[in-house]
Amino acid sequence: MSNVITYKTEEEIARLRTSAQLVGKTLAEVGKRIEPGVSTLDLDNLAEEFIRDNGAIPAFKNYQPKFDDRPFPCSLCVSVNEEVVHGFALADKVLQEGDIVSIDCGVLKDGYYGDSAYTFSVGEVSSKKKKLLEVTKASLMKGIEKAIEGNRLGEISNAIQKHAELYGFSVVREMVGHGVGTHLHEPPEVPNYGRRRSGPRLKAGMVLAIEPMINMGRRHISIAEDGWTVFASDHQPSAHFEHMIVIRNGAPEILTTFGFIENN
Ligand code: MG
Ligand code: MG
């Protein structure tokens with residue numbers, strides 16, 4: 001990944017919106033099937049079929065960040081409870097009542113990527129898990145509000161961190177949001193913590209995936225033996241919400257949507 005930020009044209013923004021909306025629809029299709037007893041592999045198969053039926057490609061499948069990395073084997077990242085991100089979908093990884101499950105989905109359509117994540121409850125979850133989901137999603141929205149043209153990127157990061165820590169939760173530091181365009185991960189990095197007066201200046205045409213990963217316990221993470229799954233080192237639950245936004249007419253516009261999930 002080069003470190004040059006690209007600013008998208010109106011035509012590119014339209015394509016990114018199409019991809020982003022397809023991710024929103026895919027997440028909702030998956031969400032309808034989430035219940036105790038469902039296998040995460042079934043969710044993955046459903047997502048892959050839906051994405052391909054809509055003329056796109058699942059962006060995560062066989063994704064290989066570095067030459068010698070093991071390619072990611074699934075269409076979705078399915079991360080349950082203490083898993084933070086990059087969990088596998090497996091036939092014997094079955095959702096249980098009281099779990100929280102983060103579904104991260106990426107698509108490639110007409111050369112442009114969409115990327116969004118949502119953490120779902122499985123049946124009834126504890127009030128503390130509910131709070132974690134509510135606060136993580138709210139921290140994302142607080143960050144988005146700061147994506148104003150002329151602000152420094154650190155305003156977004158700082159707003160996310162402040163909100164999460166206000167409730168005693170902690171911010172994962174090692175994993176960050178990113179630019180999106182003709183590559184799934186483009187500059188700049190979008191940390192979920194940091195100082196307000198840091199980072200690049202936000203400009204019109206920047207497209208960012210903002211994605212807080214918030215732990216109920218301590219912030220530290222470990223990587224599982226599969227080489228991919230990131231989990232909270234203290235095994236406490238973790239939540240993840242992600243939107244893609246564009247800075248346009250001075251302000252943030254959300255390209256993805258949770259509307260298909262929450263309004264049905
Ligand atoms: Mg994502
Ligand atoms: Mg992302």
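## Surroundings of Glu155

Beyond the neighbours within four places in sequence, Glu155 is in contact with Lys146 and Arg196. The model is a predicted one. With Arg196 the link is between side chains: a polar contact at 3.3 Å joins that of Glu155 to that of Arg196.

Glu155 belongs to helix H4, which covers residues 154-166. Its relative accessible area is 13%, so Glu155 counts as buried, the cut-off being under 20%. Arg201 lies 46 residues from Glu155 along the chain, and the C-alpha atoms of the two are separated by 9.9 Å.

## Magnesium site

The magnesium ion (ligand 1) has protein donors from Asp104, Asp115 and Glu242. Asp104 is listed with two OD donors, Asp115 with one OD and Glu242 with one OE, and these donors lie 2.0 to 2.5 Å from the ion. The spacing of the donor residues in sequence is D-x10-D-x126-E.

Distant parts of the chain are linked by the pair Asp115 and Glu242, which are 127 residues apart. Asp115 sits in strand E5 (residues 112-121), while Glu242 is in the loop between strand E13 (238-240) and strand E14 (243-248). Both Asp115 and Glu242 are buried.

Asp115 also serves as a bridge between the magnesium ion (ligand 1) and the magnesium ion (ligand 2). The two ions lie 3.1 Å apart.

## Helix H3

Helix H3 runs over residues 127-145 and has 19 residues. From its first C-alpha to its last, H3 reaches 27 Å, close to the 27 Å expected at 1.5 Å a residue.

Several residues of H3 are buried, including Leu132, Leu133, Val135, Leu140 and Ile144. Lys129, Thr136, Ser139 and Gly143 of H3 are also buried.

## Largest pocket

The largest pocket has a volume of about 1,000 Å³. It is lined by 35 residues, and of these Tyr63, Pro65, His86, His178 and His185 are the closest to its centre.

Strand E7 (177-179), strand E8 (186-190) and strand E11 (221-223) are the elements that give two or more residues to the lining of the largest pocket. Strand E8 gives the most, with three residues.

Note on methods: Residues are numbered from 1 along each chain as its sequence is written. Chains are lettered from A and ligands numbered from 1 in the order in which they are written. This is a predicted model: local features need pLDDT of at least 70, side-chain atom pairs count only at pLDDT 80 or more; totals for chains, interfaces and linings use all residues. Side-chain values use heavy atoms; hydrogens and water are left out. Helices (H or I, at least four residues) and strands (E, at least two) are DSSP runs, numbered from the N terminus. Buried means under 20% relative accessible area, exposed over 50%, partly exposed in between (1.4 Å probe, protein chains only). Contact means heavy atoms within 4.5 Å. A polar contact is a pair of N or O atoms within 3.5 Å; within protein, one must be able to donate a hydrogen and the other to accept it, and residues adjacent in sequence count only if both atoms are side-chain atoms. Donors are N, O and S atoms within 2.8 Å of the metal (3.2 Å for Na, K and Ca); water is not among the atoms, so sites may look incomplete. The expected span of a helix is 1.5 Å times one less than its number of residues. On a 1 Å grid over the protein atoms alone, a cavity is a set of points where a 1.4 Å probe fits but cannot get out, and a pocket is an open set with protein on both sides within 12 Å along at least five of seven lines; lining residues have an atom within 4 Å of a point. Grid points are joined across faces, edges and corners, and a volume is the space filled by probe spheres set on the points.
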